Amino acid sequence: MRDTTKHQGLRNQLANVLEAKGITDGKVLNAIRKIPRHLFMDSSFEAHAYQDKAFPIAAEQTISQPYTVAFQSQVLEVQSGEKILEIGTGSGYQTAVLLELEAEVYSIERQHELFKKTSLFLPKLGYKPKRFVFGDGYKGLPKEAPFDKIIVTAGAPYVPKALLSQIKVGGRLLIPVGNQEQVMTLFIRKSPKEFEKHELGDFRFVPMLAKKN
């Protein structure tokens with residue numbers, strides 16, 4: 001669990017790269033500068049931790065490319081104290097960014113191996129979501145709804161109605177939609193029955209799988 005001044009320097013460089021790519025939210029960039037991404041990865045990949053690339057983690061999943069994490073976090077427009085549902089805890093890196101943005105985070109992971117590992121690891125770094133849930137992301141978390149924002153960190157073949165129904169009026173759902181490649185799609189809830197839809201470009205995520213594993 002070592003975090004050195006060299007790591008800090010590499011994080012500053014990474015934040016500069018993301019800024020050059022269009023990330024303008026200062027709070028998001030500060031989170032990137034602060035969170036020790038190398039600790040979220042297998043030590044054999046540590047030398048690559050501050051490159052703007054995705055890398056494999058357990059259970060055939062990946063830790064998302066830093067640009068993708070920063071882009072999703074910026075689009076969500078996270079405000080302090082907001083209640084956010086994250087679908088796909090994964091390594092916990094996106095979770096940590098949301099917590100740095102002072103959100104109240106509820107996170108669902110369907111891979112038991114990852115769920116166990118991340119729910120033990122994040123608190124060791126001082127990151128404490130409101131709830132970690134081992135479950136099916138397609139169902140969301142109806143008992144805790146409604147949410148200010150919902151973020152999906154895996155490629156969904158379609159938009160689950162359960163997730164749309166769990167957003168507050170004025171709230172946002174950000175979800176990559178598609179099979180091989182995904183279109184990052186933002187839904188803003190305008191009224192109980194009306195959503196505004198924005199398509200924000202192509203991305204590539206691991207697939208969002210149903211049920212628990």
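Me: Let's start with one residue: is Lys149 buried or exposed?

Reply: This is a predicted model, in which local features need pLDDT of at least 70 and side-chain atom pairs count only at pLDDT 80 or more, while totals for chains, interfaces and linings use all residues. Residues are numbered from 1 along each chain as its sequence is written, and side-chain values use heavy atoms, with hydrogens and water left out. Buried means under 20% relative accessible area, exposed means over 50%, and partly exposed is in between (1.4 Å probe, protein chains only). Lys149 has a relative accessibility of 5%, so it counts as buried.

Me: With which residue does Lys149 form a salt bridge?

Reply: Side chains of opposite charge can pair when their charged atoms come close. The rule for a salt bridge asks for a side-chain nitrogen of Lys or Arg within 4 Å of a carboxyl oxygen of Asp or Glu. For Lys149, the closest N and O atoms are 2.8 Å apart, and the partner is Glu82.

Me: How many residues apart are Lys149 and Glu82?

Reply: Helices (H or I, at least four residues) and strands (E, at least two) are DSSP runs, numbered from the N terminus. Lys149 belongs to strand S6 (residues 147-152), whereas Glu82 is in the loop between H3 and strand S3 (83-87). The pair links distant parts of the chain, and the separation in residues is 67.

Me: Which residue meets Asp148 in a salt bridge?

Reply: The N to O distance in this bridge is 3.2 Å, between the side chains of Asp148 and Lys168. Asp148 is in strand S6 and Lys168 in strand S7 (residues 167-177), 20 residues apart. Asp148 counts as buried at 16% relative accessibility. The other residue is partly exposed, with a relative accessible area of 33%, and this partner is Lys168.

Me: How many residues apart in sequence are the parts tied together by Glu100 and Lys34?

Reply: The side chains of Glu100 and Lys34 form a salt bridge, 3.4 Å from N to O. Glu100 lies in helix H4 and Lys34 in helix H2, so the pair ties together parts whose separation in residues is 66.

Me: What is the total count of salt bridges?

Reply: The pairs above, including the one between Lys149 and Glu82, are examples. By the same rule, the count of salt bridges comes to 10.

Me: Which helix gives the largest share of the largest nonpolar core?

Reply: A nonpolar core is a set of buried Ala, Val, Leu, Ile, Met, Phe, Trp, Tyr and Cys residues joined through side-chain atoms within 4.5 Å. The largest one has 45 residues, and Leu18, Ile23, Ile35 and Phe40 have the most contacts inside it. Helix H1 (5-20), helix H2 (26-34), helix H3 (66-76), helix H4 (93-100), helix H5 (112-124) and strand S8 (182-189) each give two or more residues to this core. The largest share, 6 residues, comes from H3.

Me: Why is H4 described as largely enclosed by the rest of the structure?

Reply: The buried residues in H4 are Tyr93, Gln94, Thr95, Ala96, Val97, Leu98 and Leu99. Glu100 is partly exposed, with a relative accessible area of 23%. H4 is largely enclosed because, of its 8 residues, the number buried is 7.

Me: Which residue's ring has the charged end of Arg37 sitting over it?

Reply: A charge sits over a ring if NZ of Lys or CZ of Arg is within 6 Å of the ring centre and within 35 degrees of the ring normal. The charged end of Arg37 is 5.6 Å from the centre of the ring, which belongs to Tyr93.

Me: Which residue does UniProt list for "active site"?

Reply: UniProt positions are given in the numbering used here, feature names are shortened, and annotations may be inferred rather than shown by experiment. The unreviewed entry lists a residue in this role, Ser64. Ser64 is in the loop between strand S2 (62-63) and H3. With a relative accessible area of 18%, the residue counts as buried, and it is Ser64.

Me: Which residues are in contact with Ser64, leaving aside its neighbours within four places in sequence?

Reply: Contact means heavy atoms within 4.5 Å. Leaving those neighbours aside, the residues in contact with Ser64 are Arg37, Lys53, Ala54, Val69 and Phe205.
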